[in-house]
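Hello,

Here is the structure I promised to pass on to you. Have a look at it first, and then read my notes below.

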Amino acid sequence: THDSTYAKQISLELTGVTTRNGGFFDDYYDDEEWMALALFRAYKATGDISYYNDVQLLWGNIQTSWDTTFAGGGLFQRKSAHIYKDVPANAPACILACDLYENTGNSSDLAWAQKIMVWLNKTLVDSATGLIYDGIKVYDGPIGILHQEQYPYNYGTYLSACLHLYEITKQQSYLDAATRSANLADSIFV
């Protein structure tokens with residue numbers, strides 16, 4: 001609509017969230033990812049470069065969560081407890097990396113998206129059925145236990161990440177993975 005009322009509301013909401021958090025950063029990486037995705041949309045809608053700068057600030061912080069010592073990669077769920085890596089901390093980060101790549105063409109953003117997706121597919125997605133596990137928890141050293149709970153939001157963010165990567169790369173494997181998981185979700189969450 002280009003109604004300035006909405007632009008003002010974005011600014012008010014951002015002020016409220018940053019005041020509550022004491023800044024842009026949060027203990028949960030998925031919260032930061034959702035904020036970055038929203039700010040990226042705000043930037044695209046308004047052209048306000050300050051939103052884009054905030055996205056980059058958040059994205060840099062999110063990337064520091066990548067860890068290869070446990071479960072071969074992935075982003076941790078929380079800053080204060082490096083014990084769990086899950087779909088909510090990884091799939092939205094993949095979506096964000098794709099959005100940034102589509103905006104700038106920066107190959108490192110695409111590399112991040114692909115690296116995250118490789119880890120998700122290897123660790124939390126059953127490639128034969130499309131079943132998506134919630135996460136993996138550290139117990140003793142590098143050994144973890146899969147948390148097998150099924151949540152619709154994990155399917156939604158994973159499907160979105162797959163579709164973003166398919167649109168960028170045209171690699172059929174991303175579309176096939178999305179289709180497999182979507183078909184399974186349709187039978188699980190009916």
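Where is D67 found? In this predicted model, D67 lies in the loop between α3 and β1 (84-86). Despite its place in a loop, D67 counts as buried because its relative accessible area is 13%, and the cut-off for buried is under 20%. Leaving aside residues up to four places away in sequence, D67 touches G72, G73, G74, F76 and K85.

Next, helix α3 itself, which covers residues 49-63. With 15 residues at 1.5 Å each, α3 should span 21 Å, and its end C-alpha atoms are indeed 21 Å apart, so the two values agree. Buried residues in α3 are Y51, Y52, D54, V55, L58, W59, N61 and I62. Their cover includes α1 (4-21), α2, α4 and α5 (107-123).

Two of those covering helices also meet one another. The axes of α2 (residues 29-46) and α4 (residues 87-104) come within 8 Å and cross at roughly 25°. Angles under 35 degrees count as roughly parallel, so that is how α2 runs relative to α4. The crossing of α2 past α4 is left-handed.

If you would like to display this contact, pick D30, E33, W34, A36, L37, F40, Y43 and K44 in α2. Their partners in α4 are P88, A89, N90, P92, A93, I95, L96, D99, L100 and N103. Sorted by type, the residues of this contact are twelve nonpolar, two polar and four charged.

Enjoy exploring it!

Best wishes

Key. Residues numbered from 1 in each chain as written. Predicted model: local features only at pLDDT ≥ 70, side-chain atom pairs only at ≥ 80, totals over all residues. Heavy atoms only, no water. Axes fitted to C-alpha atoms, helices over the stretch in contact; angles between N-to-C directions. Helix = DSSP H or I, 4+ residues; strand = E, 2+ residues; numbered from the N terminus. Parallel < 35°, antiparallel > 145°, perpendicular 65-115°, else oblique. Left-handed = near helix turned anticlockwise from the far one by under 90°. Contact = heavy atoms within 4.5 Å. Nonpolar A, V, L, I, M, F, W, Y, C, P; charged D, E, K, R; others polar. Expected span 1.5 Å × (residues − 1). Buried < 20%, exposed > 50% of the residue type's maximum accessible area, 1.4 Å probe, protein only.
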